[in-house]
Each structure stands twice: as structure tokens, then as C-alpha cells.
Amino acid sequence: MRKHWGKKAMTMMIVSGLILGGCSGNGNGNGNSNSGSEKENTPSAAAGESAVKTDGFPIVDEPLKLKMFTRIAPANGPFKEMPVFQDYEKMSNIQVEFIESPTDGFPEKKNLLFASNELPDALYRSALSPLETVRYGSAGQLIPLEDLIDQYAPNLKALMEEYPEIRAGITSPEGHIYSIPGIVTLGSARTDKRWINKSWLEKLNLEVPETTDELYDVLLAFRDGDPNGNGQPDELPMTARKGLQIVNFMAGSFGLDLQLGYNININDGKVEIWSGSERHKELLMYLNKLYSEKLLDQELFSHTEAQYLAKQGTGNTGLFYDQTNNNFLPIMDQYVGIAPQAGPHDDRLQSNVAPVPRDFGAFAITSVNEHPEATMRWIDYFYGDEGSTLLRFGREGEHYEMKDGIPYYTEEFLAIEGAQGKMTPYAGGGAPHIINDKVASFINPPQVQEAYEQLEPYMPEIRYAAPMFDEATAQQVNVLRNDIDKYFEEQSTKFIVGALSFDKWDEFQATLKKMNLEELQKIYQEAYDKMAK
Amino acid sequence: MKSAQTSAASLTPSQPKRGSGLPRKIAKRYDLYLMLLLPIAWYLIFHYGPLYGLQIAFKNFNPAKGIFGSPWEGFGHFERFFDSYYFWRLLWNTISINLFSLLIAFPIPILLALLVNEIRSKHFSKWLQNITYIPHFISVVVIVGILNAMLSPTGPINMLIEALGGTPTRFLEEAGWFKTIFIGSNIWQNMGWQSIIYIAALSGVNPQLYEAAKMDGASRLRRIWHVSLPGIAPVIVILLILDIGHFMNVGFEKILLMQNNLNLESSDVISTFVYTTGVLKGEYSYTAAIGLFNSVINLILLLMVNRFARKTSETSLW
């Protein structure tokens, strides 16, 4: 009993200790060896240059081995069975051993990796946040990549020259690049389409909704008009991904943009965080109306990703959002992509658009890596058409065939259920590679292209990516946003489901102010000023 | 491990007083002390060793520099926490969940034990005990899964409410329901298990006392009140103090699993906050400070209750 008590009473006291104390030994040990290897890196870089070729394959004559930490999505199989890594290993002479961590719990594993300083050679598909990148970069756990990109990454370098926003989006104020993003030059892959059930519209003799009021009427008709004809009120008028994604989709109809990777409007060079603004209130009131009248999925805040995707495939959903039609291919004819609706103030914007460097922090090289040049060359391949094709489509003949110079999956391959997700690491998102129109036959078929054309006129002129702050500012932003974002999310959810009445809006506003929203706005303004210069 | 400690303790005083002094005693009973080494090592390695890491609460922990090498921050992290918007909410939720648990959930195993003790039929009493133990062996994840299924808007409980003409409630998405569901399901899961100690203590009460009370004409309730309860009072006090010992950190996994944006108002507690901010967002120093604050409160509570118990009932841990 005494033992039991001691254990319990101490647990909290050493909650950090258990995790960090255990790591402290390693931390120190590794820390020393790190600084050692870091110093060695510089001279060995010169020696290594002769071994690593700047172009052509194999990358190295002597086979070498790298350890990479990666996220494995539910759709994926083991990475070592993927044709891309099997074939590329033979081609490059670099063997990669993946340490796989499932999507659930991935952020935890990633953070503990850094906290314990037990680093792999590189992080693949790691979704590092700008704060993490700067934090671990200035701590010396991630190495700066700008020189390596210059010398060993011709594909990436060319992309960065063509799209200057990439460099702006990933370079820290000190001028370092600590991570490489997944790059998406294909506009359609940077935004989710608005899919509406065309056959329901036709059945009920309705037009495509052009305004938010019309949208409301259409959803009402979906709910009550029995468009699926089974005599039961079981239609789901509208759904979206779990949580507050719906806010981002409807924001544009209320004049709210999502610049700088946050709730930000930019007018005449002035940065405005719109959380708590009048327009924000109107938006939430609109969503609350949809939710309380059961026009919006009642499971919006509880369904899982898998359940959401299944809802797309049933054909019993009126309106939902997704980048592609891949989740409802068998019933794709029922749906059509539409434009965003105009709101009460005639705003009409597709604000939920990602920047060209879409997947931030997708790849990074750590300080324990003894072959940073070879690693950079290894990853650069995927920023070219050939490498991206290998990554996304596998082997010619076995998985895909070429039509007009563009790869398409073969019918036989697509017929095997789940095979596509197991074959390529891009399924599940966030893989470091280029997505352009040459490798997008699957995610950008004609139907998706048409849906994208609907959205295009309403895209923001410029999409600014989340800015990179220096370490001190990043920490400050982090402290501010930890409280603000948590509060914003919690209260928004409550406003939408009606757990909090809009009488409390003033309180919401006042609390945001107390949490120093203005300070945060000032920081973003400064970052924007630097960026716009 | 405990038996090693007690037997070592009980045996040493009975030694003849030939040249006292610990080394001699140890030499004499070296085999028992050897057995004691294991628990001591356990505490040193797993409970005292990690205390070294606590210093990061006063530092800006940087993994590359290690715990010792990170720069000092002083009380900055504590100040940030005390100034945080969530401070009072976290503190209130942590304390209130545990306080209500203590007030409501603590007496129930005692009542159950008294009940079981009074049952004449051995068969029925065994059966009752087994039924109440079983939920203890279900994992937390499964328990929360059961709660989700039972309490969902389309689950059996809401169907029953609807059938009776009421309006369905989203039990798991309402802040007002969280504590009731959390504590209620805890009682259901643990009352049987926790009553074991009381049942054992009750079987140790001298039967002569019951017989004497019966002779004096005491009713059943009187016998429970005047014989059974005083008989197990020391056990109750000790268990109460033990419960206070982990007052501030009950049910972390279960709370985390039950949490969502809609019930956060009453489900956000210090331990889950430490997890979401510390482990998921990598703010180790800040959350180490919060964890330390939590433990200090717990320690103070424990000392207070122990002192109170010693004064009033002369039973205490030390």
C-alpha cells in the first residue's frame, strides 16, 4: 500500500521527469556526440563532395544507409513495400530505413524525438510547424539547407526560382532554410472543391445556389423534399471535415480571408485578424442557423475522417467539400463542383486556398546525418516530373500507362480496392514532392478540373503563406496563439451548435482582446511588411 | 516488497542488545536487507532520479543543450501559467472533479462493503461481489467507448428518453453533464474493487462484539453503526489519506478520451492541459512548471489531511 501511495503521489510531480529525465542522459550523451559530428560535418562536406555526384545516378558509388522518421497514413502500407522506394534504392544506391509512426499520435512521437535528442538522419513527411522548424533549427538539431539546395538540388532550385513565394515561405529571418515543403504548382490541388448533389437539384427543380440565402433554401429543400425518394427524411443536406473546417469554407462568403496561414484579411497593406469581428459573428450566426435546423451534419464535431469519407460515397449527402472526386468515384455523376456563394455583403471569395509551398516542413535533415549532400540529392529527385511520377504512379506497365505523355493508373490496378493508397506515400497527404499538372491525372480528372474552374474567379489574388518568425518572436506568437486559438476554437464550436448564445458575443470579443489579439496582429503586420517589401 | 520491509522492521527490535548500531544489525540480517535493496533501487531510479529533470520548470529547456545546459528562466513559466486565461478554469476543474469524486464516490464502497457483510446467503454475497468487481478489469478506452455508444444522441439512453416523451440530450457534448458522467461511471467501475479492503477489514472485527451488541438488544442498523463502522474506521481514514495523495491527478486518460470542444468548459484539467500543451506542442518547460505546481498543491493537501486525521482520530500515515 505504501508503495502504491508513493507511486501515485509522485507521478504528477515527475510527470516531466519521467519523460524528460529518462531522456536527459541520452540528451547529454547525444548532445556531445552531436556537436562532435556537427563539427566534423564541415570538413567532411569537402571530402564528401567527391563521393556525391552533383548529377546522374547512382547518387553515391558506395551504397549508404539512411534512417528516416515518417508518418504512415491509414491508407498506406509499409513504406519498404512501396515500388517507389524499392526502385529508387537500386537507382540511387541509397538505402532508406523508415521509422514509421501512424498518423494518430504522430505529433507526440515527433516532439519526443527532438526532446530526447534521439534523431534519425532525416524527417520525411514530417509536417513540422514553422515554430518547430525555427526552434529545432536554431537549437542545431536541424541543419540549414540553403547551400545544399544550391548545389545538390537542381529540381528544387529551379522551382524556387520559378516561384519566389516558396523561398519567402520557408526562409527564416536569419536567412536559413531548415525544412523543405511539399510543393503544389497545380492550382486545383491547393483548394477543396464544393461538391453539390446535382441529381437532387434536378429532382427538386432547383438552381445552383448563388448566394448564402439561396444556399439555405436549397439545403432546406434537400432536408424536406425527399430528393433520394425513399420516403424518409434521412438526407444529409451538408457536411464537412471534422471541426471548424466549415468556418474556413464559408468565411469567403462573409468577406473573411485566410492570409498568412491564419484568420487574416489584408486590406491596403493592413493586416487585420478577424476573429471576433462583426463579419465573424455573422458567419457563425449563419452556421448556427444551419446547424440548429439540422441542415448541417449533426456529427460535424464528432465524426472521424473515415466516417466523413464514407458519407461522400453514399450519395445521400447534399453538399460537401473535398479536393478531389476520388472518394465518390462510383457515383461521381451525381455531383458537380460549384462556386462559393455570395454573402449578405456581396462578398464572394474562395478563401480556403493553400499557397504553392502547400505542405510546410515536409522534409528536414538533422544534425546527426553524416551524408547531408547525398540526402539532399535523394529528396530532390521527387521535385522533378520523373521522380514525382515514380512516387505517385509506381512502375510503368504494372501500375500506370502513358497517354499523351501523362501517366494514368491502369484500370486493372485501380480495380484492386485500397491498392493505390498502399502503393504510394502521397496518399494521406504531406509527402515532400512536386505536384504539377503532369502527375495529376488521378487527382485532377476533367470533373475536378471543371469544379476548379468554378472556383477560380473567386480565388484571392495573392495567397501569402504563414510567415517565418525569428525564434523569440515565434515563441511569443506561440504563447499568444496557444490561448487565443484554444479559446477561438472552443467558443466558435459552441456558437455554432448553440451551446453559447450570441448574447455572449461581447464577452467573446472582450476576452479575445484581453488575450492580446492586438499584439498578435501587430506581429503579423510586421511580418507582412517584411514580406511585402 | 512490503513484507520484506515489515519483517525486517519487526525482527530487528527483538535482537539481543549486543553492541547496538545499524551496521551490526544489517550484518546480522543481511539477507533481509538484500531483499530491501530492490525496492530502494526502484525508488531511486524511477522516483528520485527523474526529480533531476524538474529543474527544467525553471529553465528554457532546449533538447540540444540538455537539461543541465539549458538557460535559466526563473519563475517565468509559473507567472505565465498564473496569468493564463485558463488558470482558474483548470484549477477549478481539477479540484472540483476530485472533490466531488471524494464526496460521492468515496463513501459508496464502504456502503457496499457493509451491505455485503450483512448478507446472510454466502452464495448471493459472492455473486454480488463478482458482479461489482468485473467492471474494474475493463480498460479505460473500452469504458469510454461504451459511454459513447450508450449516451450518443441515437444511443439506448436517448431512445429511452424519447420513448418516455423527453427530448434527447447530447450528454457527452454538454459541459453540464461531464462531471456527472465521469464520476458516475467511475463509481460503477470501481466500487466493487475498492470495497475489497473494507470487506477484509470487516471480517477482522471481533464477532464477540456483534454477539454482545445483540444481547444488549441492538438492532441491525445499530450494530452497523456502533460495531462495524468503528471497527473499520482506521482503514477508512488511511484510505482517505491515500485518496488525497493522488487528489490532483485522477483519471487523466479517461478525461482526455472524453474531452471535446463542447465540454472543455468543465473537462479541461491540469493533467490534460500538460499533455496537450507539453507533449503535443513541445512546451516542456512551461508544462513542467504546471506539473510541479500541481504536485505542490497535492503535497500540501496531503500534509493537511494527514495532520487533521492524526489530531481527530489518531490514525495517520505518519
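These questions and answers concern the cores, domains and sheet of one predicted model.

The model is predicted, so that local features need pLDDT of at least 70 and side-chain atom pairs count only at pLDDT 80 or more, while totals for chains, interfaces and linings use all residues. Residues are numbered from 1 along each chain as its sequence is written, and chains are lettered from A and ligands numbered from 1 in the order in which they are written.

Q: Why is the set that includes A:Met68 and A:Phe363 called a nonpolar core?
A: A nonpolar core is a set of buried Ala, Val, Leu, Ile, Met, Phe, Trp, Tyr and Cys residues joined through C-beta atoms within 7 Å, where buried means that 20 or more other C-beta atoms, placed from the backbone, lie within 10 Å of the residue's own. The largest such set has 63 residues, and A:Met68 and A:Phe363 are among those with the most contacts inside it, so they belong to a nonpolar core by this definition.

Q: What makes A:Ala122 a contact of A:Phe363?
A: Residues are in contact if their C-beta atoms, placed from the backbone, lie within 7 Å. A:Phe363 touches A:Ala122, as well as others including A:Ile379 and A:Pro432, and therefore the pair meets that cut-off.

Q: How do you know that β1 and β3 of chain A pair?
A: Strands (DSSP runs of E, at least two residues, numbered from the N terminus) pair if DSSP finds at least two bridges between them. Strand β1 (residues 64-72) and strand β3 (residues 122-124) of chain A have three bridges in the parallel sense, so they pair.

Conventions:
Buried ≥ 20, exposed ≤ 12 C-beta atoms within 10 Å, placed from the backbone. Contact = placed C-beta atoms within 7 Å. Helix = DSSP H or I, 4+ residues; strand = E, 2+ residues; numbered from the N terminus. Lists of a residue's contacts leave out its neighbours within four places in sequence.
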